[in-house]
Amino acid sequence: MAKALNQYLGKKLKLIRQDNGWSLDRASSETGVSKAMLGQIERGESSPTIATLWKIAGGFHVSLSQLIEPHPVEDEGVVFRWADNLRHQPASDDMLVAPIFPYDDRYGFEMFELTLLPGYERLSEAHETGVVEHVIVTGGKMDVFVNGEWLELQEGGAVRFAADRPHGYRNLNSGSATFHNLIYYSSKNKTEFG
Ligand code: MN
């Protein structure tokens, strides 16, 4: 699984970088990820963390999901997805990521199922202006960092927040926590994704 992810990511990153006409130097300064690391990722030799994937997505102004896998097959407007078949665990991360509905320009959002293993904590940098996250806890309990404080959410709890400012997720419990995250990209920056 991890190997397939690395290979897809490597090809995709190289393609996106070439589409932008960016050198590795330029890509490094735009994403904040070292040139050496970007080179390793492009060759499929590195298993980047989700934090690194987010930096790459942000620097290139692309959605996270398109770095993970191709668009799902659609049959007459219908797409079936099953999280059990989609979960990836990026390297050295205590987080599992399932891109349930990858970003699609027609709809302007991407939707993930995310699983936080016990002890996971991450503060996320601000996304692009206008990006809004919808977090819905489907199993266990977790904390979400919004407006400068940690908010506890139990199964069934949900929060929507402006994600163009710092935010975060953590699981201080002994069991894992699972949530759906619907990330909406405003129509203003929508066309940059695709
Ligand atoms: Mn975020």
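Strands here are DSSP runs of E with at least two residues, and helices are runs of H or I with at least four residues, both numbered from the N terminus; two strands pair if DSSP finds at least two bridges between them. The model is predicted, so local features need pLDDT of at least 70 and side-chain atom pairs count only at pLDDT 80 or more, while totals for chains, interfaces and linings use all residues. Residues are numbered from 1 along each chain as its sequence is written, and side-chain values use heavy atoms, with hydrogens and water left out.

Four strands form an open sheet in the order 3-8-5-6, with antiparallel pairing. Strand 3 (121-124) and strand 6 (149-154) are its edges, each pairing on one side only. Within the sheet, strand 5 (residues 141-146) runs antiparallel to strand 8 (residues 167-170) and is joined to it by three bridges, and Asp143 stands opposite Arg170 in strand 8.

Strand 8 also takes part in the metal site, where the protein donors of the manganese ion (N, O and S atoms within 2.8 Å of the metal, or 3.2 Å for Na, K and Ca) are His127 (NE2), Glu133 (OE) and His167 (NE2), at 2.0 to 2.2 Å from the ion. Because Glu133 lies in strand 4 (residues 132-139) and His167 in strand 8, this pair ties together parts that are 34 residues apart in sequence. Glu133 and His167 are both buried, that is, under 20% relative accessible area with a 1.4 Å probe and protein chains only.

Met142 touches, among others more than four places away in sequence, Val135, Leu151, Tyr169 and Arg170, where contact means heavy atoms within 4.5 Å.

Conventions: Buried means under 20% relative accessible area, exposed over 50%, partly exposed in between (1.4 Å probe, protein chains only).
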